[in-house]
Amino acid sequence: VIDRSFHILTNSISAVKQNQQGNDIEVGVVVSILLKGYRDPASAIDEALALAGVVIADITDPTLKLNQSFKNILFTTSSIDPFDESNDNLVLLTLEFTVIDILCP
C-alpha cells in the first residue's frame, strides 16, 4: 500500500439544461486518498483533515477555472474512515465534488 495513493471515480453524467448554444452537464466525482503509517488513529485523522483542506482548496481554486473547460467545481462532502478494522494505521479519506461543464458543438 502506497501512502497518499489515490483513486478518482466519476459517477454518471446528468444534463442540467440545454439550449441552442450547448448542454450544461453535472458530473459527480469521488476522490479517495489512502493514508498510512500512523501510531494511533487520532494522528491519522488529524493528517487526513489537514490534507482534505489542502486538496479542497487546490481543486476549487477559482484562478484555475480560467484555464479549464469546467464552468465550476463544487465541494460536496468528505469522510474519513478506517481502511481496515484490523489495522488502525490506515485511513481512507473520501472527498466528493460536483463538476459543472458546458458541452458546445
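In this predicted model, residue T94 lies in strand 4. With a relative accessibility of 13%, T94 counts as buried, because the cut-off for that class is under 20%. When neighbours within four places in sequence are left aside, T94 is in contact with V30, V31, S32, T77, S78 and S79.

Strand 4, which spans residues 87–103, also contributes to the largest nonpolar core, as do strand 2 (23–36) and helix 1 (41–59); each of these three elements supplies at least two residues. The core comprises 19 residues, and those that touch the most other members are I33, L35, L51, L93, L95 and F97. In general, nonpolar side chains tend to be buried together in soluble globular proteins. The surroundings of L35 were examined further. Apart from residues within four places in sequence, L35 contacts D3, R4, E47, A48, L51, N89, L90 and V91. Among these contacts is L51, which, like L35, belongs to the group of core residues touching the most other members.

R4, one of the contacts of L35, is located in the segment before strand 1. Its backbone shows a positive phi of about 65 degrees, although R4 is not a glycine. Most residues other than glycine have a negative phi. The relative accessible area of R4 is 41%, so this residue is classed as partly exposed.

The core residue F97 also takes part in an aromatic pair with F75. The count of such pairs in the model comes to 1. The arrangement of F75 and F97 is edge-to-face, with 5.7 Å from centre to centre and 65 degrees between the planes. The pair links distant parts of the chain, as F75 belongs to strand 3 (residues 70–84) and F97 to strand 4, 22 residues apart. The two partners differ in accessibility class: F97 is buried, at 3% relative accessibility, whereas F75 is partly exposed, with a relative accessible area of 34%.

Open space in the model was also examined. The largest pocket holds about 270 Å³ of space. Its lining consists of 14 residues, and I8, V29, F70, I73 and V99 lie nearest the centre of the pocket. Two or more lining residues come from each of strand 1 (5–18), strand 2, helix 1, strand 3 and strand 4. Strand 2 gives the most to this lining, with 5 residues. By class, the lining contains 13 nonpolar residues and 1 charged residue, with no polar residues.

Of the residues nearest the pocket centre, I8 was considered in more detail. I8 is found in strand 1 and is partly exposed, with a relative accessible area of 48%. Not counting residues up to four places away in sequence, I8 touches V29, V30 and V31; V29 is likewise among the residues nearest the pocket centre, while V30 and V31 are also contacts of T94. I8 and I73 are 65 residues apart in sequence, and their C-alpha atoms are 15 Å apart in space.

Strand 1 also contains Q18. At 65% relative accessibility, Q18 counts as exposed, since the threshold for that class is over 50%. The C-alpha atoms of Q18 and T77 are separated by 27 Å, and these two residues lie 59 positions apart along the chain. T77, in turn, is one of the residues in contact with T94.

How values were computed: Residues numbered from 1 in each chain as written. Predicted model: local features only at pLDDT ≥ 70, side-chain atom pairs only at ≥ 80, totals over all residues. Heavy atoms only, no water. Core = buried A, V, L, I, M, F, W, Y, C linked by side-chain atoms within 4.5 Å. Buried < 20%, exposed > 50% of the residue type's maximum accessible area, 1.4 Å probe, protein only. Helix = DSSP H or I, 4+ residues; strand = E, 2+ residues; numbered from the N terminus. Contact = heavy atoms within 4.5 Å. Phe/Tyr/Trp six-rings, centres within 6.5 Å; stacked < 30°, edge-to-face > 60°. 1 Å grid on protein atoms, 1.4 Å probe; cavity = no way out; pocket = protein on both sides within 12 Å on 5 of 7 lines; lining within 4 Å. Points joined across faces, edges and corners; volume = space filled by probe spheres on them. Nonpolar A, V, L, I, M, F, W, Y, C, P; charged D, E, K, R; others polar.
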